[in-house]
Amino acid sequence: MRIIAISSGKGGVGKTNVVANLAVSLEQKGLHTLVFDADLGLANIDVLLGLSPKRDIRHVFAGECRLRDIMVRTPYGFEVIPASSGVSEFTRLEPEEKLLLKEQFEEVTQGVDFFLFDLGAGISDNILFFNLVAQERIVITVPEPTAMADAYALIKLLYTRYGVKRLYLLANLVKDSREGKQVYQQIVQVAERFLGPVGLTYLGAIREDTSVPRAVKRQEPFVAAFPESVAAQDLLRVRDKLLKLEPEGEGGLEALWSQNLHKFS
Ligand SMILES: Nc1ncnc2c1ncn2[C@@H]1O[C@H](COP(=O)(O)OP(=O)(O)O)[C@@H](O)[C@H]1O
Ligand SMILES: [Mg+2]
């Protein structure tokens with residue numbers, strides 16, 4: 001199983017859309033995918049997909065049910081662990097809550113090929129934590145200087161404070177592939193100059209495309225609603241690049257969690 005965290009420095013750069021569409025496109029390849037809506041407190045992957053989960057992560061933390069009871073299967077084959085909307089108490093999980101997630105993640109990831117964490121924006125405790133317990137991380141940015149500066153700040157913190165070296169950069173809302181590469185080059189140049197060998201790999205770019213907001217309004221992923229659109233073509237290229245990248249061999253939820261839990265207490 002590959003565990004991949006998707007986050008960004010700045011909000012609204014397309015994380016949830018990328019996660020949902022990546023999940024659809026992985027299922028199209030026969031790779032079973034589970035999405036954890038880890039933007040705890042500001043959930044919206046359920047809205048994006050037109051799901052109406054009756055229960056969410058709050059009920060699990062309250063001990064009323066288990067993660068497997070709240071999981072929702074989407075019409076696209078992948079499954080979602082819903083978070084809860086508008087509850088700000090989850091910006092920093094308690095150690096017991098992290099342990100509970102670890103135990104129950106093992107239960108719900110049987111038969112899962114890709115486990116994606118849809119994180120929020122910024123550098124809050126939860127975002128750093130889930131970035132650490134993932135094996136691979138996608139940082140998304142758009143070509144604006146503010147978003148790029150925030151992406152750099154996130155990469156810098158993960159690298160300097162936690163020694164994280166396996167990061168992929170995805171440029172969204174670009175006008176063409178050249179602009180995407182420029183975004184990557186600018187960030188990697190600054191990072192290597194000021195931080196050192198950060199291990200930042202370019203995952204590709206997704207062009208700005210009106211099919212995306214149109215699909216959002218229909219509450220459908222754009223790769224399913226508009227498979228011919230440029231955004232869908234770009235997304236499939238990103239998926240194929242991701243499939244070519246080899247995850248590091250080190251092992252499993254148990255190991256990742258025990259290595260990282262103590263860094264957050
Ligand atoms: N490639 C794109 N082209 C056009 N609009 C996009 C694109 N990617 C994202 N958007 C729009 O940006 C908004 C934010 O996307 P979302 O996935 O919710 O971001 P985040 O999860 O980072 O907050 C959405 O309304 C979506 O329609
Ligand atoms: Mg989001």
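Two strands count as paired if DSSP finds at least two bridges between them. In this predicted model, strand 6 and strand 7 meet that condition, since 5 bridges join them, and the two strands run parallel.

**The sheet**

Strand 6 and strand 7 belong to an open sheet of 8 strands with mixed pairing. The order of the strands across the sheet is 3-4-2-5-1-6-7-8. Strand 3 (72-73) and strand 8 (200-207) are the edge strands, and each of them pairs on one side only. Strand 7 covers residues 167-174 and pairs with strand 8 in the parallel sense over 7 bridges.

Some residue partners across these pairings are listed below.

| Residue | Opposite residue | Strand of the opposite residue |
|---|---|---|
| Ile138 | Tyr168 | strand 7 |
| Leu170 | Gly204 | strand 8 |
| Asn172 | Ile206 | strand 8 |

**The crossovers**

How does the chain cross from strand 7 to strand 8? The path runs through helix 8 (residues 177-194), and this β-α-β crossover is right-handed. Another right-handed β-α-β unit is made by strand 6, helix 7 and strand 7.

Helix 7 consists of residues 145-162. This helix lies across strand 1 (2-8), strand 6 (136-141), strand 7 and strand 8. Relative to strand 6, helix 7 runs at about 160 degrees.

**Buried elements**

Is strand 7 mostly covered or mostly open? Strand 7 is mostly covered, with 8 of its 8 residues buried. A residue is called buried here if 20 or more other C-beta atoms lie within 10 Å of its own.

Helix 6 (residues 125-133) has 8 of its 9 residues buried, so the helix is largely enclosed by the rest of the structure. The buried residues in helix 6 are Asn126, Ile127, Leu128, Phe129, Phe130, Asn131, Leu132 and Val133.

**Around ligand 1**

How many residues surround ligand 1? There are 17, and the closest are Gly14, Lys15, Thr16, Asn17 and Val212. Helix 1 (15-28), strand 7 and helix 9 (211-217) are the elements that each give two or more residues to this shell. Strand 7 therefore appears in two settings, as a strand with 8 of its 8 residues buried and as a contributor to the shell around ligand 1.

By residue class, the shell around ligand 1 divides into 7 nonpolar, 7 polar and 3 charged residues.

Key
Residues are numbered from 1 along each chain as its sequence is written. Chains are lettered from A and ligands numbered from 1 in the order in which they are written. This is a predicted model: local features need pLDDT of at least 70, side-chain atom pairs count only at pLDDT 80 or more; totals for chains, interfaces and linings use all residues. Helices (H or I, at least four residues) and strands (E, at least two) are DSSP runs, numbered from the N terminus. Two residues are in contact if their C-beta atoms, placed from the backbone, lie within 7 Å. Axes are lines fitted to C-alpha atoms, for helices over the stretch in contact, and angles run from 0 to 180 degrees between N-to-C directions. A residue is near a molecule or strand if its C-beta atom, placed from the backbone, lies within 6 Å of it. Ala, Val, Leu, Ile, Met, Phe, Trp, Tyr, Cys and Pro count as nonpolar, Asp, Glu, Lys and Arg as charged, and the others, Gly among them, as polar. A residue is buried if 20 or more other C-beta atoms lie within 10 Å of its own, exposed if 12 or fewer, and partly exposed in between; C-beta atoms are placed from the backbone. A crossover is right-handed if, with the strands pointing away from the viewer, the path from the first strand over the helix to the second runs clockwise.
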